[in-house]
Amino acid sequence: MADHSSFPAWLGLVYEGCRRAIPRGLQAETIATEEAYLRVTAEPVTAPEDVPRWPISSCRGYAMRASDGSAATLRRPVVFELDQAHGSLERRADRPVVHSLLPNEVIEVHAHSPLPKNADTVVSIEENKPPTGRGFRQVWLREPPSAGAHIRARGSEFAAGTTLLGKGQRITAERQALLIAAGVRTIKVAKRPRIGVVVSSYERCAPDAARECWQIPDSCGAYVRALLKQWGHDVPAIEFIAPPQRPNRHSGPTREAELAYQQRIRELAARYDLIIGSGLLGVEPYIRIGLNDLQMFGGWPDNKLDLKQIRGETVNFALSDERSPKWTEMVDVWDEAGRLVGRCGIGHVDRATLVNLPGQPGTVAMLMHTVVRRILDLYELVEVFPYKFVESAGPHWEIGELARDVERDPKLNAMLWARIVWGPRGEPLIDPLSDQRPHLITPFIEAETIAAIPAGATRLLAGSRIHFLRLDATRQPGQANRALPSLIEEPLPKQEEKQVELQIVSPSLTVSESWSRLDPWLADHPEEIPGGLNAGAGDEDIRSLEAALDIALPEDFIESLKIHNGQPRIAGDFFDGDSLLCGRDILKAWKVWHKLVVSGDFEDCSAEPDDGIKDDWYNLKWIPFTSNGAGDHLCLDFDPAEGGTVGQVIRVWHDDDQRTLVARSFREWLHRFVVEYTDDEPED
């Protein structure tokens with residue numbers, strides 16, 4: 001089952017369907033490490049030698065044996081004469097001295113240079129100078145040197161045999177530098193497909209070709225080829241093939257032209273493993289013309305990947321006839337520690353794949369980033385059941401927040417070109433560009449990311465969390481950030497008429513982590529809560545509180561009660577001007593409101609709530625957990641309005657009709673409060 005939290009949900013079936021477009025298993029080839037940038041390892045890579053391969057000095061100083069200076073004291077220093085033959089670094093900076101040290105011999109060494117044999121310590125050149133007027137080439141030790149001081153031992157970075165990269169990892173520039181530094185000269189990598197780019201269109205033609213008034217120079221093919229080269233693939237010149245006219249495909253010259261067209265495509269299938277085509281729109285009357293009709297290329301009815309979105313609704317593909325007999329390759333299977341755990345057979349089918357990208361240039365560009373990148377990764381990344389020892393296939397979607405409201409289609413999903421902008425607190429936000437009509441070029445030229453906008457009947461509000469995809473894949477993240485599916489594509493309440501700032505955060509601290517960070521801070525600032533905080537509540541106390549409130553409290557709030565059951569009555573206000581209530585005081589405050597509600601005191605009263613909060617003056621499903629002593633509380637809301645979240649934190653005033661959304665959960669509220677107080681000193 002695909003983890004839809006790592007990419008938009010509607011791409012789940014599409015990404016699974018991409019596997020059908022890959023006809024073969026992983027094949028490998030051995031290349032020079034210097035040529036391995038952006039390739040994928042076909043087997044674990046181990047260090048052939050220790051790094052460093054010889055003990056080296058970490059500073060400029062004097063290499064010696066620690067035992068020779070063991071008698072040194074401040075009053076009776078040990079003095080060494082430097083060997084004039086090789087004591088001067090300036091003489092042999094190109095060839096450090098590495099012969100075995102004689103007893104009481106000291107040799108001056110550069111920082112990061114190999115040490116002489118038998119040297120087990122380096123003393124600093126600055127701290128061991130002779131007194132003024134004494135010997136010029138002497139070393140004065142005023143305390144015994146420590147063995148191993150200022151030395152990087154052989155193999156201290158990693159030892160020979162250490163696994164540097166596992167199987168299925170992409171070789172970034174940093175990883176390539178690591179391999180070269182470790183002495184890896186050649187590397188076995190996944191074999192990449194031979195890729196051809198084909199433009200087949202009535203409207204678009206080669207940039208230097210003569211054109212009719214309705215024709216335009218093709219930009220799709222050039223963009224596809226450039227993007228493939230950016231991703232590390234070698235791509236020859238673009239093939240321009242005009243599709244045949246087909247008013248009647250069964251007779252006359254039209255049929256002959258179509259057969260000739262099919263033959264051209266089959267010739268390309270003999271030269272390339274993967275053909276990426278474009279040029280026609282994916283609508284009538286083009287659906288059964290040229291590369292939009294792949295049945296002639298050995299396709300089958302189930303050869304469309306339906307994105308269920310507004311732009312670029314489908315990607316169709318097909319496989320050629322077998323170009324050579326099938327064969328099975330036996331490969332080693334390694335665990336995550338680089339240990340060989342068995343062998344497995346991978347079947348290979350020698351077929352070419354044609355992937356057609358219908359639509360305008362912006363659509364083709366978006367399909368390249370969202371779908372073709374997945375197919376290319378699957379050519380190199382292999383899963384051998386039941387083992388999976390590879391980095392996940394891209395593209396690597398991330399989770400971010402919208403910078404502004406976005407209108408949505410009620411039924412169709414959308415992908416929008418977007419930029420990264422910075423919010424008022426310096427946080428990155430995803431800002432979709434304006435006017436993204438498919439035929440326009442400029443939107444995707446200015447874009448930095450693709451924003452995934454789910455279908456919906458209402459606007460997606462600023463601050464809502466969405467998936468987004470960075471367009472620069474040359475330095476992709478090692479692991480895409482994740483969130484629970486229920487937290488993705490969920491609109492957050494927005495303050496419009498009332499200028500109330502709601503800080504949008506995705507809490508990274510659990511409740512226990514928040515308290516473990518706040519408790520030491522409070523210990524250093526005891527004046528903030530005179531009397532401190534209470535000890536944690538027991539399980540029986542919490543069960544009794546839930547029974548009295550007729551509410552199942554959320555796990556994050558229960559976790560907090562078990563750590564600190566509120567604060568004593570004598571304590572001053574601290575939590576945003578409130579005191580944290582213990583279980584007994586929570587029930588007491590709730591009973592005061594319960595009595596007023598039951599007596600009908602609020603029958604003619606209504607509040608002015610933020611979005612996601614009901615307009616009750618008080619709702620018995622609002623559970624107070626702080627108090628300012630004047631009848632005002634922060635409450636957990638277990639009966640939110642549409643668009644709200646069960647368990648959200650709201651502010652309730654006893655004499656004001658405002659009902660304000662403070663946080664989406666108790667955990668988020670506590671996280672934000674802790675970060676504010678422990679990262680920055682509170683203002684007086």
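**Reading the strands, cysteines and His633**

Mentor: In this predicted model, strand E4, which covers residues 61-64, pairs with E7 in the antiparallel sense over four bridges.

Trainee: What makes E4 and E7 a pair of strands?

Mentor: Two strands pair if at least two bridges are found between them, and E4 and E7 have four bridges, so they meet that requirement. One of the residues involved is Ala63, whose bridge partner in E7 is Val122.

Trainee: Which sheet holds E4 and E7, and in what order do its strands run?

Mentor: They belong to an open sheet of three strands with the order E6-E4-E7 and antiparallel pairing. From one strand to the next, the twist averages 40°.

Trainee: Why are E6 and E7 said to stand at the edges?

Mentor: Strand E6 (107-109) and strand E7 (121-124) each have a single partner strand, so one side of each is left without a neighbour in the sheet.

Trainee: Turning to the cysteines, why is Cys59 called buried or exposed?

Mentor: The relative accessible area of Cys59 is 17%, and because buried means under 20%, Cys59 is buried. Cys605, by contrast, has a relative accessible area of 35%; this value lies between 20% and 50%, and therefore Cys605 is called partly exposed.

Trainee: How many disulfides does a search of the whole structure find?

Mentor: Zero disulfides are found, and because a disulfide is defined as a pair of cysteine sulfur atoms within 2.5 Å, the conclusion is that no pair in the model meets that cut-off.

Trainee: How do you know whether His633 is buried or exposed?

Mentor: His633, which lies in strand E31 (residues 633-637), has a relative accessibility of 5%, and since that is under 20%, His633 counts as buried. Leaving aside residues up to four places away in sequence, His633 touches Ala589, Trp593, Pro624, Thr626, Ser627, Ile650, Arg651 and Val652.

Trainee: What makes the approach between the side chains of His633 and Trp593 a polar contact?

Mentor: The two side chains are joined at 3.4 Å, and because the cut-off for a pair of N or O atoms is 3.5 Å, with one able to donate a hydrogen and the other to accept it, this one qualifies as a polar contact.

Trainee: What can be said of the chain as a whole, in secondary structure and in burial?

Mentor: The chain has 11 helices and 33 strands, and 49% of its 684 residues count as buried. It exposes about 33500 Å², of which carbon and sulfur atoms supply 51%.

Terms used. Residues are numbered from 1 along each chain as its sequence is written. This is a predicted model: local features need pLDDT of at least 70, side-chain atom pairs count only at pLDDT 80 or more; totals for chains, interfaces and linings use all residues. Side-chain values use heavy atoms; hydrogens and water are left out. Buried means under 20% relative accessible area, exposed over 50%, partly exposed in between (1.4 Å probe, protein chains only). Helices (H or I, at least four residues) and strands (E, at least two) are DSSP runs, numbered from the N terminus. Contact means heavy atoms within 4.5 Å. Accessible areas come from the Shrake-Rupley method with a 1.4 Å probe; for residues, only the protein chains shown count as cover. Axes are lines fitted to C-alpha atoms, for helices over the stretch in contact, and angles run from 0 to 180 degrees between N-to-C directions.
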